[in-house]
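Let's take a walk through this one together. Have a look at the structure below, and then we'll go from the whole chain down to one loop.

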Amino acid sequence: MLVVGAHSADFVWRAAGAIAKHTVAGGEAVVLALSYGERGESGELWKDPNQTVENVKRLRHAEAERAAAAVGARLETFDLGDYPLRIRDEDIDRLAALMREYAPHVVLTHPDRDPFNPDHPVAHSAVATARQLTAGAGVSSSFRTAPPSEFLVFEPHQPELCGFVPTVFVDITDVMAAKQEAMASMGAQGYLRDYYTQRADQRGNHARRVTGDPGIRQAEAFQRLIPNVVGAL
């Protein structure tokens with residue numbers, strides 16, 4: 001599993017439960033932060049009047065490492081800067097190289113729309129392009145390729161305004177403690193913990209109704225971008 005966020009904490013709020021579920025079952029997970037979110041995602045850290053950009057990056061890296069460890073994932077960072085996040089051709093090449101090397105079975109990232117965060121659609125576009133290049137863009141190529149991964153987007157902060165319609169719910173009831181630990185690691189955005197705890201409870205309610213399983217208490221929602229292929233219905 002490869003989870004790509006525009007900022008270093010994005011994977012925590014949106015997909016930490018799914019990551020933990022994957023790794024507990026024996027899977028491998030890499031979380032990639034395209035930036036540290038040092039400018040627009042680190043409000044608590046900037047309350048220190050002597051704060052510096054480099055120190056914020058250092059602190060955010062340490063937070064993300066702890067959060068990734070809490071859900072059994074490995075952290076990678078590109079440090080591209082945020083607000084705005086700008087993706088260059090060489091960054092696409094770097095991301096595609098990571099995908100070819102790691103060859104994930106599933107890739108998770110942001111939706112392609114977000115009226116309140118310009119970095120998130122940029123991250124989506126970069127991931128979608130790199131994924132296509134990784135798979136050879138549908139044709140035989142002279143460079144190394146990897147099999148096409150499943151491609152899903154995780155739930156944004158304002159789902160309705162981002163055109164997000166969940167098509168996959170992941171039951172995270174048994175790993176919610178790991179998600180809570182990951183969220184607790186992100187001191188720069190502690191105000192989001194209650195929000196995403198409540199969202200897990202809400203999606204758990206939806207998952208219970210979909211399945212009829214009363215044991216589901218918390219869930220995370222995703223939208224599949226590439227159709228599933230099955231042998232029969």
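A quick word on counting charges before we start: Lys and Arg are taken as positive, Asp and Glu as negative, while His and the chain ends are left out. Each charge is placed at one atom, namely NZ of Lys, CZ of Arg, CG of Asp or CD of Glu. Counted that way, the protein has 24 positive and 30 negative charges, and the mean positions of the two sets lie 3 Å apart. Keep in mind that what you're looking at is a predicted model.

Now for the overall build. The protein has six helices and seven strands. If you start at the N terminus and follow the chain, the elements come in the order β-α-β-α-β-α-β-α-β-β-α-α-β. So how does the radius of gyration fit with a compact globule? For 233 residues, such a globule would come out near 17 Å, and the protein has 17 Å, so the two agree. Draw a box along the principal axes, and the C-alpha atoms fill roughly 60 × 50 × 35 Å.

What about inside and outside? Of the 233 residues, 52% are buried. The accessible surface adds up to about 11100 Å², and carbon and sulfur atoms account for 52% of that area. The contacts tell you something about how the chain meets itself: take those between residues at least 6 apart in sequence, and 74% of them join residues at least 24 apart.

Time to zoom in on a single loop. Most residues other than glycine have a negative phi, and most peptide bonds are trans. With that in mind, find the loop between strand 3 (74-77) and helix 3 (89-102), where Pro84 sits.

Walking along this loop, you'll come to Asp79. Asp79 isn't a glycine, yet its phi is positive, at about 55°. Asp79 counts as partly exposed because its relative accessibility is 35%, and the band for that label runs between 20% and 50%.

Further along, Tyr83 belongs to the loop between strand 3 and helix 3 too. Its phi is near 45°, again a positive value in a residue other than glycine. Tyr83 has 26% relative accessibility, so Tyr83 counts as partly exposed as well.

And which way does the peptide bond from Tyr83 to Pro84 go, cis or trans? It is cis, with omega near 10°. Tyr83 thus brings together a positive phi and a cis bond to Pro84.

Methods:
Residues numbered from 1 in each chain as written. Predicted model: local features only at pLDDT ≥ 70, side-chain atom pairs only at ≥ 80, totals over all residues. Heavy atoms only, no water. Helix = DSSP H or I, 4+ residues; strand = E, 2+ residues; numbered from the N terminus. Buried < 20%, exposed > 50% of the residue type's maximum accessible area, 1.4 Å probe, protein only. Rg over C-alpha atoms; globule rule 2.2 N^0.38 Å. Contact = heavy atoms within 4.5 Å. Areas by Shrake-Rupley, 256 points an atom, 1.4 Å probe, with all protein chains shown as cover.
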